[in-house]
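Q: I've got a fold open on my screen and I'd like to learn how to read it strand by strand and helix by helix. Can we walk through it together?

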Amino acid sequence: MARTKLVAGNWKMHGETAGNQALLDALKAGAATAKAAMAVCVPFPYLGQARAALAGTSIAWGSQDVSRHAQGAYTGEVCAAMLKDFECRYAIVGHSERRSYHGETDEVVAAKADAAIKSGLVPIICVGETLAEREGNITAAVITRQLDAVIASIGAAGLAKSVVAYEPVWAIGTGKTASPEQAQEVHASIRARVAKEDANVAAGLQILYGGSMKPNNAKELMAQPDIDGGLIGGAALVAADFLAICAAA
Ligand code: PEP
């Protein structure tokens, strides 16, 4: 099955109004050169700005997290319905920074994916191993454990409405990138695990690679048969770099 490519930017906790506007304007101006679908996942306060800038363009927007709760007394949290109210298409869930700094377990991540889907958002579900786990030869076991929790929560039907991002923790923001072969091996294993549930869903699932993807390595990574785009951190803050990655897809 031919899958379209998606390049999503994760701005993390960066930005202010004027700088964001310049970045969004530059992305809009360059969008015609993109060979992939484009999205930006911005900090919550700037969702309105992203919507105002991007509505009616080919560039989608989304959040970097979502509450697992539908509404209520959860001070500081933002629920999926609110994100939908801002016309988000995507919500990143289970980013390694959420898992490690905020103690998000596999079950919490899976519940967030479920909450996103129930409100009509597309969760970008992040999975990935730490350096110690890779060096301990348990990469496959870690990815399977993370995926199994998601499958238990949303099933193949939920995965049909999701995007998965493989983000080796040791490659995020470090300048170290998984080799195309290393990334392809994990992407293929993710697709194989999903195929055990539903072969059609597996064949259509977009699996993004994230971890120091830059203009100089994007083409080779995205040429791998099971790499369907990128989740981009640092390079998403520089319009020329992000556009170059989108053009390399
Ligand atoms: C990320 O934040 O998801 C990411 C992949 O970051 P970077 O591209 O900077 O490694």
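A: Sure. Keep in mind that this is a predicted model. Let's start with β7 and its partners.

Q: Which strands does β7 pair with, and in what sense?

A: The general idea is that strands of a sheet pair through backbone hydrogen bonds, either parallel or antiparallel. Here, β6 (residues 163-166) pairs with β7 in the parallel sense, over 4 bridges. Strand β8 (residues 229-232) also runs parallel to β7, joined to it by 2 bridges.

Q: Which residues stand opposite each other along β7?

A: Coming from β6, valine 163 faces glutamine 206, and valine 164 faces isoleucine 207. Over towards β8, tyrosine 209 has glycine 230 as its bridge partner, while glycine 210 stands opposite leucine 231.

Q: How many strands does the whole sheet have, and in what order do they run?

A: There are 8, forming a closed barrel in the order β1-β2-β3-β4-β5-β6-β7-β8, with parallel pairing. On average, neighbouring strands of this sheet are turned by 25° against each other, direction ignored. You can look at where β8 meets β1: 4 bridges join these two parallel strands, and glycine 9 has isoleucine 232 in β8 as its bridge partner.

Q: Is β7 mostly covered or mostly open?

A: Mostly covered: 5 of the 5 residues in β7 (residues 206-210) are buried. Take the two faces in turn. Gln206, Leu208 and Gly210 lie on one side, Ile207 and Tyr209 on the other, and all are buried. Strand β8 reads in a similar way: Gly229 and Leu231 point one way, Gly230 and Ile232 the other way, and all of these are buried.

Q: What links β7 to β8 in the β-α-β unit, and what is its handedness?

A: Helix α10 (residues 215-222) sits between the two strands in the unit, and the β-α-β unit is right-handed.

Q: How do α10 and α11 cross?

A: Two packed helices are described by the angle between their axes and the distance between the axes. For α10 and α11 (residues 239-248), the axes come within 8 Å and cross at roughly 25°. That angle makes α10 roughly parallel to α11. The crossing is right-handed. Pro215, Ala218, Lys219 and Met222 of α10 make the contact with Asp241, Ala244, Ile245 and Ala248 of α11.

Q: Why do contact residues on a helix tend to be spaced like that?

A: An α-helix has 3.6 residues a turn, so residues three or four places apart point the same way. With that in mind, go back to the α10 side of the contact and look at Pro215, Ala218, Lys219 and Met222.

Q: Which residues of α11 are buried, and what do they pack against?

A: The buried ones are Ala239, Phe242, Leu243, Ile245, Cys246 and Ala248. These buried residues pack against α10 and β8, and also against β1 (6-10), α1 (17-30) and β2 (37-41).

Q: Let's try another pair. How do α5 and α7 cross?

A: Read it in the same order: angle, distance, then hand. The axes of α5 (residues 106-118) and α7 (residues 139-159) cross at roughly 20° and come within 8 Å. The two helices are therefore roughly parallel to each other. Their crossing is right-handed. On the α5 side, the contact residues include Asp106, Ala110, Ala113 and Ile117, and on the α7 side they include Arg145, Ala149, Ser153 and Gly158.

Technical notes. Residues are numbered from 1 along each chain as its sequence is written. This is a predicted model: local features need pLDDT of at least 70, side-chain atom pairs count only at pLDDT 80 or more; totals for chains, interfaces and linings use all residues. Side-chain values use heavy atoms; hydrogens and water are left out. Buried means under 20% relative accessible area, exposed over 50%, partly exposed in between (1.4 Å probe, protein chains only). Two strands pair if DSSP finds at least two bridges between them. A crossover is right-handed if, with the strands pointing away from the viewer, the path from the first strand over the helix to the second runs clockwise. Axes are lines fitted to C-alpha atoms, for helices over the stretch in contact, and angles run from 0 to 180 degrees between N-to-C directions. Angles under 35 degrees count as roughly parallel, over 145 as roughly antiparallel, 65 to 115 as roughly perpendicular and the rest as oblique. A crossing is left-handed if the near helix is turned anticlockwise from the far one by less than a right angle, and right-handed if clockwise. Contact means heavy atoms within 4.5 Å.
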